[in-house]
2 protein chains.
Amino acid sequence: MSKIGDNFNKKRKIMKKILDIISQAPLFNGLSQEQLGQIRQIAIDKFYDKGKTVFMESDDCNGFYIVVAGKVKIYKVSFEGKEHILHIYGPGNPFGEVPVFSGRKFPANAETLLRSHLLFIPRPAFVDLISENPSLSLNMLAVLSMRLRQFTVQIENLSLKEVPARLASYLVYLADEQATGDFVFLTISKGQLASLLGTIPETLSRILAKMNKQNLIQVEGRNIKLLNRNGLEELAQHGKLQ
Amino acid sequence: MSKIGDNFNKKRKIMKKILDIISQAPLFNGLSQEQLGQIRQIAIDKFYDKGKTVFMESDDCNGFYIVVAGKVKIYKVSFEGKEHILHIYGPGNPFGEVPVFSGRKFPANAETLLRSHLLFIPRPAFVDLISENPSLSLNMLAVLSMRLRQFTVQIENLSLKEVPARLASYLVYLADEQATGDFVFLTISKGQLASLLGTIPETLSRILAKMNKQNLIQVEGRNIKLLNRNGLEELAQHGKLQ
DNA sequence: ACCTATTTTTGACATAAGTCAAGGCAGTGC
DNA sequence: GCACTGCCTTGACTTATGTCAAAAATAGGT
């Protein structure tokens with residue numbers, strides 16, 4: 001096969017993938033082919049290696065991103081360098097949309113966890129687009145609302161539950177999301193999970209060990225089996241682990 | 001004066017107040033008189049005594065509210081009855097808009113802290129309105145984005161800072177917001193402030209006492225004078241209070 | 001001004017979770 | 001096979017913050 005043919009195939013594949021992602025993302029749900037085309041036209045492809053910074057807190061915001069492939073973490077860093085992960089986004093998720101509308105700078109940092117392909121949507125073009133497409137703006141409102149709802153849950157967890165409860169609630173949530181019965185696979189490292197739960201690796205490790213001992217779960221590396229879902233759900237509510 | 005005249009005056013005053021509130025709220029910023037009128041037409045007045053429930057978590061959402069007068073707290077309750085306040089909203093603030101777009105139930109409870117006058121905006125009419133008014137939807141997007149940004153800060157505070165840091169950061173924020181130099185007035189009780197900061201009244205009381213001793217602030221009931229703004233800002237960053 | 005109810009403060013105590021330090025385990029490359 | 005690196009676990013210790021109980025202060029209503 002010629003190199004040129006390979007390249008051509010590759011490009012076609014990528015193009016198809018992008019269109020798939022765009023049309024599946026909740027953000028662009030129910031838009032017409034024409035509208036999708038308009039969005040594709042204003043989007044700019046960006047490729048990042050693993051561990052690269054996409055933007056930093058207080059950077060000026062010229063637009064937002066959509067993950068086509070790979071994984072991106074959104075996090076904040078405390079003065080002492082302690083890092084707290086706010087979100088981890090995968091294919092189809094937009095991120096950094098907030099400052100596009102609040103007209104401010106980025107409120108957190110974004111870094112790739114894997115080699116990633118992102119679409120960058122420049123702000124001015126997108127604002128134009130949205131002012132002309134009511135259905136797009138309704139989608140956007142729905143996405144932001146969902147995020148707000150998730151944040152509400154996260155704040156609730158952080159402020160009125162202890163770490164075991166947060167972990168239990170996260171495990172049950174993951175099992176539902178992955179729809180693999182009682183088997184859960186962590187797509188992130190335990191250290192990152194600790195940060196996402198607002199704690200540190202040591203504490204997480206101890207709690208996983210405790211839950212093991214109490215036959216709530218069975219941990220094998222990144223594979224976790226939920227042995228007692230009711231017990232976990234109670235824990236997520238009440239909070240006390242023995 | 002006749003009773004009828006009094007009543008008439010009262011009604012006119014209220015009408016003017018409502019229009020003021022509506023036009024000042026960020027949600028409706030820059031809308032035309034005609035558009036404001038349309039909103040007023042679909043809005044329903046609701047009056048509540050102090051301490052009344054506006055909606056409860058998991059209630060069906062038929063629309064959202066705007067505070068005309070009074071004060072409303074949004075809070076969640078843990079299984080043991082521990083309450084955590086997420087927001088406190090005053091005149092001009094909308095609340096409960098999230099489920100209007102995410103199409104779900106209310107994610108938290110709302111209760112009046114004072115005798116309050118609210119506008120209720122029914123969902124179907126508002127969705128119609130927004131699909132026809134791009135500028136309204138852009139405003140709405142901006143408001144939701146702002147909220148998301150505030151939540152980001154709140155999560156950051158809760159997860160990577162200790163209570164003294166959260167308090168310091170809140171005091172500085174309040175001083176900026178109230179624009180009264182170094183004097184801050186708490187519009188809520190200290191117990192409610194504790195809940196908003198994700199802690200309990202006892203802890204808050206102790207920390208206020210400590211900050212007093214270190215000449216960072218001077219507390220007199222609900223009046224607080226910031227004596228050392230730089231010190232407070234450092235505290236908000238670093239976290240350690242002596 | 002008085003009484004009551006609420007809010008705030010204080011103290012003694014219990015505990016969850018962070019820090020520091022060391023060791024184990026797994027994967028990778030030489 | 002071996003060392004290296006990153007990730008995870010474990011232990012001893014410290015500390016911040018919550019719990020319980022009671023006193024003090026404040027605000028509201030009559």
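This is a short talk on a predicted model of two protein chains, A and B, with DNA strands C and D.

First, the ground rules. The model is predicted, so local features need pLDDT of at least 70, side-chain atom pairs count only at pLDDT 80 or more, and totals for chains, interfaces and linings use all residues. Residues are numbered from 1 along each chain as its sequence is written, chains are lettered from A and ligands numbered from 1 in the order in which they are written, and side-chain values use heavy atoms, with hydrogens and water left out.

I start with the two copies. How is chain A superposed on chain B? A rotation of 180° does it, with 0.0 Å of shift along the axis and an RMSD of 0.1 Å. The two copies are thus related as by a two-fold rotation axis. The fit is by least squares on the C-alpha atoms of residues with pLDDT of at least 70 in both. Of the interface residues of chain A, 98% are also interface residues in chain B, so the copies meet through the same surface. Contact, here and later, means heavy atoms within 4.5 Å.

Next, the inside. A nonpolar core is a set of buried Ala, Val, Leu, Ile, Met, Phe, Trp, Tyr and Cys residues joined through side-chain atoms within 4.5 Å. Buried means under 20% relative accessible area, exposed over 50%, and partly exposed in between, with a 1.4 Å probe and protein chains only. The largest core has 94 residues, and those touching the most other members are Phe28, Phe95 and Phe126 of chain A and B:Phe28, B:Phe95 and B:Phe126. Beyond its neighbours within four places in sequence, A:Phe95 is in contact with residues including A:Phe55, A:Phe64, A:Tyr89 and A:Leu118. Apart from that core lies another, of 30 residues, among them A:Ile207 and A:Leu232.

Now a helix. Helices (H or I, at least four residues) and strands (E, at least two) are DSSP runs, numbered from the N terminus. Helix α6 of chain B, residues 163-178, reaches 22 Å from its first C-alpha to its last, close to the 22 Å expected. That expected span is 1.5 Å times one less than the number of residues. Its buried residues include B:Val163, B:Leu167 and B:Tyr170. After α6(B) comes B:Ala179, with a positive phi near 50°.

On to the DNA. A residue is near a strand if one of its heavy atoms lies within 4 Å of it. Strand D is surrounded by 16 residues, and B:Glu162 and B:Val163 are among the closest. Which helix supplies the largest share of that surface? It is α8(A), with four residues. Of the atoms of strand D within 4 Å of the protein, 65% belong to sugar or phosphate and the rest to bases.

A polar contact is a pair of N or O atoms within 3.5 Å; within protein, one must be able to donate a hydrogen and the other to accept it, and residues adjacent in sequence count only if both atoms are side-chain atoms. A polar side-chain atom of B:Thr199 is 2.5 Å from a phosphate oxygen of strand D, while the side chain of B:Arg206 has an N or O atom 3.1 Å from a base oxygen.

Strand C has 15 residues around it, with A:Thr203 and B:Gly191 among the nearest. Here sugar and phosphate make up 67% of the atoms within 4 Å of the protein. A polar side-chain atom of A:Glu202 lies 3.3 Å from a base nitrogen of strand C.
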